[in-house]
Structure formats: C-alpha cells, structure tokens
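Grab a pencil and work through a few exercises with the model open beside you. Try each task yourself before reading its solution.

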Amino acid sequence: MCGIVGYLGNQEAFPLLIKGLKRLEYRGYDSAGIAVLSEDGNLKHHRRKGKVDDLLEHMSGSVPTGNLGIGHTRWATHGPPNDINAHPHLSGNGQLALIHNGIIENYNALKETLTNRGHAFYSDTDTEVLVHLIEEIMQKSQGLDLFEATRVALNEVIGAYAIAVIDTSNPNEMVLARKSSPLVIGIGDGEYFIASDATPIIEYTKNVVYLEDEEVARISLADGLKIRTASNHRVTPIVTELEMAIETIEKGGYEHFMLKEIHEQPRSIADCLRGRLRLGHESIRMAGIDDHKEMWTKANRLIIVACGTSWHAGLIAEYMFEDFARVPVEVEYASEFRYRNPVIGEGDILIAISQSGETADTLAAIRMAKEKGAHVFGICNVVGSSISRESHSGAYTHAGPEIGVASTKAFTAQLAVLALVAIRVGRLRQVLDEQRFNRLLVELNGIPEKVEALMSKEPELETIAEEFKGSTNALFLGRGYNFPVALEGALKLKEISYIHAEGYPAAEMKHGPIALIDENMPVFFVATQDAHYDKVVSNIQEVKARGGRIIAIVTAGDKEVANMAEFVIEVHKTDDALVPLLSTIPFQLLSYHMAVKLDRNVDQPRNLAKSVTVE
Ligand code: F6R
C-alpha cells in the first residue's frame with residue numbers, strides 16, 4: 001500500500017527512481033511522483049494521477065538531474081487520486097520534499113493548529129501536514145536539522161508511517177522513519193537505496209537494513225547510516241543479507257505476473273515442503289514446532305487470524321487441525337478480532353497468516369494477542385517482514401515474491417505450510433497414528449506433481465472463461481475442505497474480473513442464494529470424491545432443477561457429476577485435506593482468463609493494492 005523509493009549516491013537518481021517505482025507499482029497505482037535534488041540545491045518535483053507511465057508521459061522526456069531523489073506510487077487514503085494529492089509533498093517554503101506510506105490519524109488536529117499558525121495546504125492528504133510540521137519545527141527551533149526536526153515531529157504524530165524526506169539545503173542527505181509501515185535501506189558502495197520492500201533494491205545490493213518501528217534514520221554521503229529511536233536512543237544498524245533472486249521479480253516471458261505465479265506453483269509448493277517433509281525419515285522438521293513441542297502438545301486452543309485470501313487458508317487449516325490434532329480452533333478476521341475483547345489465555349496459540357507480513361490488521365491482532373499472553377506463530381511469505389519479526393516463532397512459506405495483486409502461489413504455499421504444521425502437531429498430540437501420518441506425508445509429497453498436471457487444463461478453462469465472460473454474477477459452492485475453496489474462487493473472480501461472485505457452503509444455498517439461480521447464473525461447484533461427495537451431488541441436482549449452469553471440479557474419472565454438468569475439470573485424487581491445494585488452481589486460471597478476456601488490468605485491479613498497511 002503506497003510504494004516508496006529513494007536514492008542517494010553517485011549515480012543519477014531519476015532512472016533508478018522510475019525503475020524502482022515500476023517494481024513497486026503493485027503496492028498502489030493511482031498516482032505517482034518524484035523529487036530529485038541536484039548538487040546545487042535545485043529541486044525538480046513532478047507528480048501525476050495514474051501509473052508511473054502516466055507520470056513519464058507528463059514529464060515528456062524531461063530528465064531531472066541529481067544524485068538524491070525520492071519517488072512514490074500511491075494508493076489513496078486521504079483525498080481522491082489526482083495530481084495535487086500525489087506525493088512527494090512539499091513544505092510551505094518548498095525546502096522539504098516528503099513521501100509517506102501509512103496514515104497520520106491525528107492529521108486533522110495538526111492541520112488545524114498549523115493552519116492557525118499561517119500554514120496553507122493545497123492537498124487533502126495527511127502527508128502534507130507532516131512535511132509542514134517538520135518545516136515548522138526547523139524554523140521555530142532555529143538549529144534543529146532535518147533529522148532532529150523529523151524525530152521531534154514524529155513524537156507529535158499518531159498513526160502509521162514510512163517516510164523519506166529531503167532538504168534542498170543538503171543534497172547529500174536523506175531522512176527516513178518508520179512506524180507500522182515497512183522501510184528497507186539497501187547499502188551499496190557509497191550509495192543507498194531506499195524502498196518499501198526489497199524488490200527495487202535486489203539488483204543493486206544484497207545488504208539491507210530493515211528499519212524497526214519508531215526508528216528515525218539519517219543517510220549521509222559524509223557520515224553513512226545513523227539510526228536513533230523516536231525517543232532519541234542510539235541504535236546500531238543490523239545489516240542482513242537478502243536471499244531473493246532477481247528473476248523472481250520479473251515476468252519471465254509471461255504476459256502477467258499472475259499467470260507466471262499460477263504456473264510457478266508446482267515449484268513454490270515443492271520449495272515450501274523441501275527440507276521440512278522428510279519422506280525417507282518419515283518425519284516433518286519445522287523449527288517453529290520442534291522448539292516448542294510441549295506448548296503445541298498442551299495447547300488448549302488455536303486462534304487463526306488473517307485477512308482476505310490468507311483468511312481462506314486459515315479456514316481450511318481449521319478443518320486440518322480438527323481432523324489431525326483434535327484441538328479446538330477459531331478462525332478470525334484480523335480486523336474484527338483486534339477490536340473485540342477476546343478471551344485469550346495461557347495455552348492459546350495464535351497463528352497469524354500473511355503473504356506480505358505487513359497487513360496492518362493482522363499485525364495489530366498479533367500485538368494484542370502478545371499483550372494478553374498468547375504465543376504467536378507467524379506464517380509469512382516475505383522474509384524479514386513485520387509479522388515475521390514480531391511473532392514468537394513461525395514458518396516462512398518460501399513461495400518467492402508475489403507481485404500480482406491477486407494472491408495465488410502464496411495461498412497454496414500457506415496451505416502447504418499449514419498442512420505440515422497440522423500433521424506434525426497431530427503426531428505430537430498422538431492423534432495421528434504412524435500409518436496415517438506416513439500416508440499423509442506421501443500424499444503431500446505428491447502434490448507438486450498433481451498441481452503440474454493441472455496446468456494442462458488451461459485451454460479448457462480458457463474455453464469456460466469465453467463462455468461465461470458475459471455473466472454479471474456467479475456462485476461458487478463447496479463443502480467441507482472445499483467450502484473455503486469456493487470462497488477463494490469467488491474472491492479471485494470478483495477482484496480481477498469485477499464480476500460479482502459469491503462463495504457459499506453448498507448446503508447453505510437453499511437458505512437464500514438459491515433465489516438467484518436461473519439460466520443465466522453460472523454455478524461453480526467443487527464436487528471432488530470426498531466425505532461430502534454425495535451431498536454435493538444432491539446440491540448440484542437442486543441447481544440443475546432450477547436451470548442454473550453447472551461447472552464442476554471433479555476427481556479424475558468421475559462420471560456422475562460429468563453427466564449433470566455443462567463443463568467439468570478433473571483433478572487427481574488425494575487425501576481430502578489436501579484437495580484444496582488442487583481444487584483452487586482451476587479457479588485461479590478461470591479468473592485469470594476471464595479478466596484477460598474482459599480486458600481488465602490483471603496484475604493491478606482497480607482500487608486494490610498488494611500490501612494493506614493501513615486499517
Ligand atoms: C486477494 C488478496 C488479499 C490478501 C489480503 C491479506 O487475492 O491478495 O485478499 O490475501 O489482503 O494480505 P496478506 O496475506 O499479505 O496479509
């Protein structure tokens with residue numbers, strides 16, 4: 001949510017900023033802007049509604065020169081996406097330029113105070129207030145430099161921020177700060193690369209410093225990197241090495257990141273299982289569990305918190321934990337959970353699931369659970385992300401960077417990790433006997449190959465997409481392990497094709513949604529041969545009797561559903577608990593092709609952003 005880039009060094013900043021902004025555009029893409037400062041203190045400032053390409057078109061070939069610069073791609077919170085609300089924002093005297101990701105919650109009060117003192121504001125944003133506040137502190141204190149003034153200003157701010165500020169009076173320095181919104185500093189040879197995440201940095205350096213909450217940093221060509229807390233304590237920067245490879249953040253010949261990421265799933269699931277699932281040793285190795293065996297064995301309850309697609313993974317995990325480990329589970333939307341007064345006690349383990357590891361509501365939920373004494377187990381994809389760092393223990397999904405806004409490979413990797421955890425805990429709690437445990441390991445190990453086989457169904461899904469691309473509504477139905485798959489199928493379709501879609505447990509259909517069914521309504525069933533197969537077949541009959549058009553995901557060789565449905569997509573047989581790893585793939589491909597046929601912006605659907613760092 002909003003992408004921040006910055007550069008300070010001996011290269012021209014502008015091309016680096018533009019390249020970085022394009023890499024970060026998935027975080028927000030309703031406007032973009034840059035500010036570049038030359039050695040003689042000349043600030044060039046350009047902003048534009050729309051994408052980075054719209055900004056470039058607006059600049060019509062002008063290339064600002066200078067070795068210090070900041071850039072921003074926005075996901076609007078305060079004020080509509082337009083040129084004036086786009087970042088960077090300038091101070092009243094034009095001396096400071098600032099970019100911001102997050103929300104300044106008390107901006108109204110600050111704005112009123114500053115307006116009363118003569119400040120004039122042009123935008124609707126909270127960000128403009130912050131740059132005026134820093135300016136005011138610099139002017140009033142007469143002696144506080146940008147770093148100190150920013151630190152003092154942030155003590156008056158309530159909310160979340162990652163910011164970068166530059167000052168025309170010092171072209172060799174940039175000031176940065178973070179609270180609840182990520183910020184990474186790449187350390188090159190006499191140069192610094194700033195970004196919201198590591199994707200724009202990886203091609204220049206592998207050495208990074210992740211700024212922590214309430215830290216303010218100064219990067220200077222003369223003095224290097226200095227960090228202090230907002231309360232003015234010195235912090236020694238910790239340099240970590242990035243493990244990301246550049247190919248993972250490029251399209252690699254695919255038309256869209258989403259398609260590339262769908263096709264990467266056989267590999268990403270295998271990467272997730274590698275080293276953990278030890279078939280020859282008939283065991284699962286996961287440090288986050290092995291180091292806390294007693295806690296997992298004695299846990300009274302698991303609480304799973306997440307948002308969106310990650311929440312769907314949590315719902316599937318609920319079935320897994322109940323089946324394999326016989327432990328009570330609650331699955332909560334992080335945004336609701338954080339504002340309730342939940343009863344959490346000793347013996348509760350909170351599992352937080354997040355691709356980005358930065359989702360504001362999930363982060364807030366884990367902080368609350370920690371305060372109440374729960375152990376937090378984080379499942380994240382982005383290495384070094386806030387949730388991964390704030391969890392007591394956890395497991396990475398190792399899916400690699402996910403750039404398409406719609407989550408695909410991160411979801412299946414979450415399911416793979418959750419399956420490993422549930423099976424391991426089931427064995428620890430002596431619910432799973434050795435035979436069932438080993439059978440599950442064999443099935444899990446076979447999933448990447450079965451996912452690979454599903455990729456050959458793409459032409460069939462393209463045909464189905466062609467047939468239904470004119471639909472205005474769609475229903476997705478499933479039961480048991482496949483009920484959350486139906487929810488995820490509906491979410492995927494609506495978010496990238498803008499076709500209204502609803503997911504339901506198939507049996508719930510007769511309690512209301514059945515009224516929607518007519519000959520124009522496509523109904524997508526997951527009807528694989530599992531414990532609920534016969535019941536789902538009855539639900540299909542009910543839809544057919546009312547003229548609905550049936551598309552079903554079935555187990556290979558199924559004849560019964562094939563006779564009733566207009567289209568079927570076959571998936572290989574596996575354990576019921578692992579079917580979602582397969583049954584979700586056709587829905588991803590269907591949504592993708594539907595969106596392409598409708599000429600939607602697949603990787604950057606309207607109004608969305610990849611990483612939701614505001615609540
Ligand atoms: C949908 C999607 C979102 C995210 C949600 C949580 O395709 O990507 O629903 O799943 O915003 O994000 P993370 O997993 O980063 O916490």
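The exercises below go from domains to cores, single residues and the ligand, and keep in mind that this is a predicted model.

**Exercise 1. Find the domains, and work out how domain 1 and domain 2 sit relative to each other.**

Step 1: Split up the protein. You get domain 1 (3-242), domain 2 (251-445) and domain 3 (455-603).

Step 2: Take the centres of domain 1 and domain 2 over C-alpha atoms; they are 34 Å apart.

Step 3: Look at where the two touch. Here 10 residues of domain 1 are in contact with 10 residues of domain 2.

**Exercise 2. Locate the largest nonpolar core and say which domains give residues to it.**

Step 1: Start with its members. This core has 89 residues, and W296, F321, I351, L444 and F476 have the most contacts inside it.

Step 2: Ask which element gives the largest share. That's helix 14 (residues 409-428), with 12 residues.

Step 3: Check the domains. Both domain 2 (251-445) and domain 3 (455-603) contribute, so the core lies between them.

Step 4: Zoom in on I351. Leaving out residues up to four places away in sequence, I351 touches W296, L302, I303, I304, V305, F321, F377 and I379.

Step 5: Don't miss the second, separate core: it has 28 residues, including V5, Y210, I249 and I403. As a bit of background, nonpolar side chains in soluble globular proteins tend to be buried together.

**Exercise 3. Decide whether T73, D348 and I585 are buried or exposed, using under 20% relative accessible area as the cut-off for buried.**

Step 1: T73 lies in strand 4 (residues 68-74). Its relative accessible area is 0%, so T73 is buried. A polar atom of the T73 side chain is 2.5 Å from the backbone oxygen of G28.

Step 2: D348 belongs to strand 20 (residues 348-354). With 8% relative accessibility, D348 counts as buried too. Setting aside neighbours within four places in sequence, D348 is in contact with N300, R301, I303, V343, A374 and H375.

Step 3: I585 is part of helix 21 (residues 580-597). At 0% relative accessibility, I585 is buried. Beyond its neighbours within four places in sequence, I585 is in contact with Q265, T412, V451, L454 and M455.

**Exercise 4. Explain why helix 5 (residues 146-154) counts as largely enclosed.**

Step 1: List the buried residues of helix 5: L146, F147, E148, A149, T150, R151, A153 and L154.

Step 2: Put that next to the helix length. Eight of the nine residues are buried, so helix 5 is largely enclosed by the rest of the structure.

Step 3: Find what does the covering. Among the elements over the buried residues are strand 6 (96-104), helix 4 (127-141), strand 7 (159-167) and strand 8 (173-179).

**Exercise 5. Describe the surroundings of the ligand.**

Step 1: Find the neighbours. The ligand is surrounded by 14 residues, the closest being S310, S354, S356, T359 and E495.

Step 2: Look for polar partners. An oxygen atom of the ligand is 2.7 Å from an N or O atom in the S356 side chain. For backbone partners, a ligand oxygen is 3.1 Å from a polar atom of T309, and a ligand oxygen is 2.9 Å from a polar atom of S407.

Step 3: See how much is covered. On its own the ligand has 400 Å² of accessible area, and the protein covers 90% of that.

Terms used: Residues are numbered from 1 along each chain as its sequence is written. This is a predicted model: local features need pLDDT of at least 70, side-chain atom pairs count only at pLDDT 80 or more; totals for chains, interfaces and linings use all residues. Side-chain values use heavy atoms; hydrogens and water are left out. A nonpolar core is a set of buried Ala, Val, Leu, Ile, Met, Phe, Trp, Tyr and Cys residues joined through side-chain atoms within 4.5 Å. Buried means under 20% relative accessible area, exposed over 50%, partly exposed in between (1.4 Å probe, protein chains only). Helices (H or I, at least four residues) and strands (E, at least two) are DSSP runs, numbered from the N terminus. Domain bounds come from an automatic or database domain assignment. Contact means heavy atoms within 4.5 Å. A residue is near a molecule or strand if one of its heavy atoms lies within 4 Å of it. A polar contact is a pair of N or O atoms within 3.5 Å; within protein, one must be able to donate a hydrogen and the other to accept it, and residues adjacent in sequence count only if both atoms are side-chain atoms. Accessible areas come from the Shrake-Rupley method with a 1.4 Å probe; for residues, only the protein chains shown count as cover.
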